[in-house]
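Work through the exercises below with the model open. Try each task before reading its solution.

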Amino acid sequence: MAKSIDYHDYLIESLKEPSEAAGYLNAALDDGDIDGFLEALRNVVEAHGGMTKLSENTSKGRNSLYKTISGNGNPYLRNTNEILQALGFHLAIAPNDNDHQKRA
């Protein structure tokens, strides 16, 4: 019997690659569903070391970060997305050129 791979584990592993994470986040943004985008963002955070590492890298508290990217969080992002859509624009994600160097 073939060994099955857990989808979530596979997803998290693939999101460690900056270009994969950017594509994943852009696909979530393209759907226009901020809740879906925030879920995707939580997956990318998990792939890149979790909330503790993010907290250390941003100098923001873990609780604040959890609230910001929760399903009910970030009203600023919701409003910004609505405004951009009304103007005929959308947000896009791109990896920083030096992203690999930061994490190495």
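**Exercise 1: a partly exposed aspartate**

Task: classify D35 by its relative accessible area.

Solution. D35 has a relative accessible area of 36%. Buried means under 20%, exposed over 50%, and partly exposed in between, with a 1.4 Å probe and protein chains only. D35 is therefore partly exposed.

Before going on, note the ground rules. This is a predicted model, where local features need pLDDT of at least 70, side-chain atom pairs count only at pLDDT 80 or more, and totals for chains, interfaces and linings use all residues. Residues are numbered from 1 along each chain as its sequence is written, and side-chain values use heavy atoms, with hydrogens and water left out.

**Exercise 2: salt bridges**

Task: find the salt-bridge partner of D35 and place both residues in the fold.

Solution. Start with the rule: a side-chain nitrogen of Lys or Arg lies within 4 Å of a carboxyl oxygen of Asp or Glu. R78 meets D35 at 2.9 Å, N to O. The pair links distant parts of the chain: R78 sits in helix α6 (residues 75–86) and D35 in helix α3 (residues 34–47), 43 residues apart. Next, check the cover on R78. Its relative accessibility is 24%, so R78 is partly exposed.

Task: how many salt bridges does the rule give?

Solution. The count is 2. Besides the R78 bridge to D35, K16 pairs with E13 at 3.1 Å, N to O. K16 is partly exposed, at 37% relative accessible area.

**Exercise 3: the chain as a whole**

Task: describe the secondary structure and the contacts of the chain.

Solution. Count the elements: 7 helices and 0 strands. These are DSSP runs, numbered from the N terminus: helices are H or I with at least four residues, strands E with at least two. Then turn to contacts, meaning heavy atoms within 4.5 Å. Of those with a separation of 6 or more, 58% join residues 24 or more positions apart. Finally, burial: 28% of the 104 residues count as buried.

**Exercise 4: confidence**

Task: which helices have the lowest and highest confidence?

Solution. Use pLDDT, the predictor's confidence in each residue, from 0 to 100. The chain mean is 87, and 90% of residues reach 70 or more. Helix α7 (residues 99–103) is lowest, at a mean of 51. Helix α1 (residues 7–14) is highest, at 96. Where pLDDT is low, the predicted coordinates should not be read in detail.
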